[in-house]
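User: I've got this model open and I'd like a close look at one part of it. Start with a single residue, then work outwards to how the pieces pack.

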Number of protein chains: 2
Amino acid sequence: MARKIGSSSEITGPRIRDAALRLFARHGFAAVSMRQIAAEVGVQAGALYLYTADKQALLFDLMQDHMTDLLCTLQALPQCSDPAAQLDQFARFHIGYHLDRPDAVFIAYMELRSLSPENFAAIESLRRRYETHLQEILSEGAAKGVFTLSDAKMATLALIAMLTGVTNWYREGGRLSRSDVQTLYADMALRAVSGPPI
Amino acid sequence: MARKIGSSSEITGPRIRDAALRLFARHGFAAVSMRQIAAEVGVQAGALYLYTADKQALLFDLMQDHMTDLLCTLQALPQCSDPAAQLDQFARFHIGYHLDRPDAVFIAYMELRSLSPENFAAIESLRRRYETHLQEILSEGAAKGVFTLSDAKMATLALIAMLTGVTNWYREGGRLSRSDVQTLYADMALRAVSGPPI
């Protein structure tokens, strides 16, 4: 029998994930029950367990998918050979990707505390892969004499925190366009690792 | 009658605040009840209401005190006249102050969502005063030709996010000392607003 487009099994998964993401971001993981998620979706609480083992598994899936989608999208970018162009591209990508997903970003930082130790280790490992991508750009740039770094790992963490910070204040329709913000932050990121240490 | 040192009314306030801070940081504001805070302190739930009107007032007090202490400590720093020295001092101060208060920092960002609209406005206004301090350092440096900025407000937010990011990864006893990290971040902050835009 042909699969019915829009059958409940196809629709419910994404709707459960959307509802969980929204509720976790609004109230925090610990304050949200499976019953509330089910009510938000408009299904019985029991129906959630056809989709996910428990609330911890749901949180882990949301955080894992956020990180793997981020890594896959990053890897699909065209490869620039110049380290400065690579850093510029990374900065613009990081800001754009994160501005599109405020709830997922908020949860990715905020709910690390709520992961089981094994799940925390798995998310940390994905996060480290993402950080390594930027660290390699910086180290390659330093090797070529384009960047000056005292510590590539620490510079990586500093730049990622700076770029992610845009999600705390940026609103579409404000004084600066997204592209303005991307340009200004990419410029500050480049300058932070260029020129002689002061 | 002389005040008894260590009387229960003196001790309970700080203990309630410490317990609330720890529990909010661990589980999130929405997931923590007044009853749990009382149990953590070792008093009856009713005793909390002698100290605070409700959980919202407790959260607001914690966030307000964090911001006012931060502002007072900042204002007590010696005044350097050179903008580069001012920025260096600000960066070191910001990192040191925040590393000493990880729970308060976590709550200051994560639980803005849990404040009532009036309380949110009050905290935002304190935060804006803090940001204005850095923005004035940057603008003064730009006016003197020491810094090059495209947008002082945005550079302020970018640098604060970068510096605060240290609290996400720094652990005492790790590879880098606190002073190493302060030096490296202050250097990146200075470079990010120095030299020609790229």
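Is Leu77(B) buried, partly exposed or exposed, and why does it count that way?

Analyst: Keep in mind that this is a predicted model. Leu77(B) counts as partly exposed, because its relative accessibility is 22%, and the cut-off for buried is under 20%. You'll find Leu77(B) in the loop of chain B that runs between helix H4 (55-75) and helix H5 (83-99). Setting aside residues up to four places away in sequence, Leu77(B) touches Gln89(B) and Phe93(B). For a sense of distance, take Asp151(B), which is 74 residues from Leu77(B) along the chain: their C-alpha atoms are 26 Å apart.

Another loop residue of chain B makes a handy companion. Val43(B) sits in the loop between helix H2 (34-41) and helix H3 (45-48) of chain B. Val43(B) counts as partly exposed too, because its relative accessibility is 25%. Leaving out neighbours within four places in sequence, the contacts of Val43(B) are Ala38(B) and Leu48(B). Its C-alpha atom lies 9.4 Å from that of Ile16(B), with the two positions 27 residues apart along the chain.

Now for a loop residue that reaches over to the other chain. Arg113(B) is placed in the loop between helix H6 (102-110) and helix H7 (117-143) of chain B. Arg113(B) counts as buried, because its relative accessibility is 16%, and the line is drawn at under 20%. Look at what surrounds it: not counting residues up to four places away in sequence, Arg113(B) touches Phe24(A), Ala25(A), Arg26(A), His27(A), Gly28(A), Phe106(A), Met110(A) and Arg113(A). One of these partners also offers a polar atom, as a polar atom of the Arg113(B) side chain lies 2.7 Å from the backbone oxygen of Ala25(A).

Zoom out from Arg113(B) and you're looking at the contact between the chains. Here 41 residues of chain A are in contact with 42 residues of chain B. The two chains bury about 3400 Å² between them, and carbon and sulfur atoms give 65% of that area. On the polar side, the count is 13 residue pairs in polar contact, with both residues at pLDDT 80 or more. The elements of chain A that each supply at least two residues to the side touching chain B are H1, helix H6 (102-110), helix H8 (152-164), helix H9 (166-169) and helix H10 (178-192). By class, that side of chain A has 26 nonpolar, 8 polar and 7 charged residues. There are 2 salt bridges between chain A and chain B. Arg175(B) and Asp151(A) meet in a salt bridge through their side chains, at 2.7 Å from N to O.

Next, chain A by itself. Chain A has 10 helices and 0 strands. Its 198 residues include 50% that count as buried. Taken along the principal axes, the C-alpha atoms of chain A fill a box of roughly 60 × 40 × 40 Å. Among contacts in chain A between residues at least 6 apart in sequence, 68% join residues at least 24 apart.

Chain A is divided into domain 1 (1-52) and domain 2 (55-192). The centres of these two domains, taken over C-alpha atoms, are 28 Å apart. At their contact, 15 residues of domain 1 of chain A meet 14 residues of domain 2 of chain A. Together the two domains bury about 1300 Å², 71% of it on carbon and sulfur atoms. Within the area that domain 1 of chain A buries against domain 2 of chain A, Arg17(A), Leu21(A) and Phe29(A) supply 47%, more than any other three residues.

Arg17(A) also turns up in the polar part of this contact. Asp65(A) forms a salt bridge with Arg17(A), and their closest N and O atoms are 2.5 Å apart. The count between domain 1 and domain 2 of chain A is 1 salt bridge, and the rule finds 4 residue pairs in polar contact across the interface, both residues at pLDDT 80 or more. On the domain 1 side of chain A, helix H1 (8-27) and helix H2 (34-41) are the elements that give two or more residues to the face touching domain 2. The largest share of that side, 7 residues, comes from H1(A). By class, the same side of domain 1 of chain A has 11 nonpolar, 2 polar and 2 charged residues.

How values were computed
Residues numbered from 1 in each chain as written. Chains lettered and ligands numbered in written order. Predicted model: local features only at pLDDT ≥ 70, side-chain atom pairs only at ≥ 80, totals over all residues. Heavy atoms only, no water. Helix = DSSP H or I, 4+ residues; strand = E, 2+ residues; numbered from the N terminus. Buried < 20%, exposed > 50% of the residue type's maximum accessible area, 1.4 Å probe, protein only. Polar contact = N/O pair within 3.5 Å; in protein donor to acceptor, adjacent residues only side chain to side chain. Contact = heavy atoms within 4.5 Å. Domains from an automatic or database assignment. Buried area = accessible area lost by both parts, 1.4 Å probe. Salt bridge = Lys/Arg side-chain N within 4 Å of Asp/Glu carboxyl O. Nonpolar A, V, L, I, M, F, W, Y, C, P; charged D, E, K, R; others polar.
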